[in-house]
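Fancy a few warm-up exercises on a protein chain? Have a look at the sequence and the coordinates first, then try each task before reading its solution.

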Amino acid sequence: MKYYVLFGPPGAGKGTQATAMVEKYNLHHISTGALLRKEIAAGTELGLQAKALIEKGCLVPDEVVEGMIENEFKNVTGVDGFLLDGFPRTLPQAEALDNILTKTSEEVTATVSIMIPDAMIMERIKGRAIKEGRADDASEDIINNRIATYHNQTEPLIEYYRKTRKYHEIDGAGTIEEVRDRIFSVMDKF
Ligand code: AMP
């Protein structure tokens, strides 16, 4: 099994690119953000707890998303691998992922990182807000908090994956097709 981490700031285009990646490489797409939004829509206990945090632009507790990931790994078959989108987002989550995979003598195959500057994050998220109507895309304050959360809690993961030589950075500026082709040229190596 291949385990790809799709990394990048909010608005980098992870969700958009994930669609093409899962199709080309027969992967199962796991977006922790999408799974949490499903829980919110279903009105579950977990959804209720997550909603308040998501709407402030904060992260939900590590254990919540770690449990979701482990469930998906167990329950999905018939694919050549998994594409993790929006997970891990903290160092403890990255360590938990390594521990989960070690249990089956597996490891992260590669981290594909889509990078865009902060100014582009705001512009892209505002564009997406009009199309998708996500509550956490609704105000500049919430978006700014998500950008800060990314820099403080998620960015340290770059160093974590760089150390293992699993980190592959892609320029996220340009058209969807240009960025997709840059990603494919990295993934074709695995
Ligand atoms: P996303 O769709 O990936 O932008 O995620 C939307 C929101 O869900 C984030 O701003 C967080 O509040 C929450 N979330 C998604 N993935 C995680 C994660 N791995 N750890 C903690 N919170 C997460």
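Below are six exercises, each with a worked solution.

Ground rules before we start. This is a predicted model, where local features need pLDDT of at least 70 and side-chain atom pairs count only at pLDDT 80 or more, while totals for chains, interfaces and linings use all residues. Residues are numbered from 1 along each chain as its sequence is written, and side-chain values use heavy atoms, with hydrogens and water left out.

**Exercise 1. Work out how many helices and strands the chain has, and in which order the elements run.**

Step 1: get the elements from DSSP runs, taking H or I of at least four residues as a helix and E of at least two as a strand, numbered from the N terminus.
Step 2: count them up, and you land on 9 helices and 5 strands.
Step 3: read from the N terminus, which gives β-α-β-α-α-α-β-α-β-α-α-α-β-α.

**Exercise 2. Check the radius of gyration of the chain against a compact globule, then describe its box, its burial and its contacts.**

Step 1: the yardstick is 2.2 Å times the number of residues to the power 0.38, with the radius of gyration taken over C-alpha atoms.
Step 2: for 190 residues that puts a compact globule near 16 Å, and the chain has 16 Å, so the two agree.
Step 3: along the principal axes, the C-alpha atoms fill a box of roughly 40 × 40 × 30 Å.
Step 4: sort residues by relative accessible area (buried is under 20%, exposed over 50%, partly exposed in between; 1.4 Å probe, protein chains only). Buried residues come to 46% of the 190.
Step 5: call it a contact when heavy atoms lie within 4.5 Å. Of the contacts between residues at least 6 apart in sequence, 74% join residues at least 24 apart.

**Exercise 3. Find the aromatic pairs, and say what the pair of Y3 and F73 ties together.**

Step 1: pair up rings of Phe, Tyr and Trp (its six-membered ring) whose centres lie within 6.5 Å; planes under 30 degrees apart are stacked, over 60 edge-to-face and the rest tilted.
Step 2: the count is 7 aromatic pairs.
Step 3: one of them is Y3 with F73, an edge-to-face pair at 5.1 Å centre to centre with 70° between the planes.
Step 4: Y3 sits in strand β1 (residues 2-7) and F73 in helix α4 (residues 62-75), so this pair ties together parts that are 70 residues apart in sequence.
Step 5: Y3 and F73 are both buried, and together with F82 they make one aromatic cluster.

**Exercise 4. Is R146 buried or exposed, and which residues does it touch?**

Step 1: place R146 in helix α7 (residues 140-154).
Step 2: R146 has a relative accessible area of 11%, so it is buried.
Step 3: skip residues up to four places away in sequence, and R146 touches P10, G57, I125, R128, R134, D136 and D137.

**Exercise 5. Look at the backbone at P88, N26 and S105, and place each residue in its loop.**

Step 1: the peptide bond from F87 to P88 is cis, with omega near -5°. P88 belongs to the loop between β3 (81-85) and α5 (91-102).
Step 2: N26 isn't a glycine, yet its phi is positive, near 50°. N26 falls in the loop between α1 (14-25) and β2 (27-31), and at 33% relative accessibility it's partly exposed.
Step 3: S105, also not a glycine, has a positive phi of about 55°. S105 is in the loop between α5 and β4 (110-115), and its relative accessible area is 70%, so it's exposed.

**Exercise 6. Give the C-alpha separations of V22 and T149 from G81, then list the contacts of V22 and T149.**

Step 1: V22 lies in helix α1 and is buried at 18% relative accessibility.
Step 2: V22 and G81 are 59 residues apart along the chain, with 8.9 Å between their C-alpha atoms.
Step 3: ignoring neighbours within four places in sequence, V22 contacts L27, H28, H29 and L83.
Step 4: T149 is part of helix α7, and at 9% relative accessibility it's buried.
Step 5: T149 and G81 are 68 residues apart along the chain, and their C-alpha atoms are separated by 29 Å.
Step 6: with neighbours within four places in sequence left aside, T149 contacts G57, L59 and T154.
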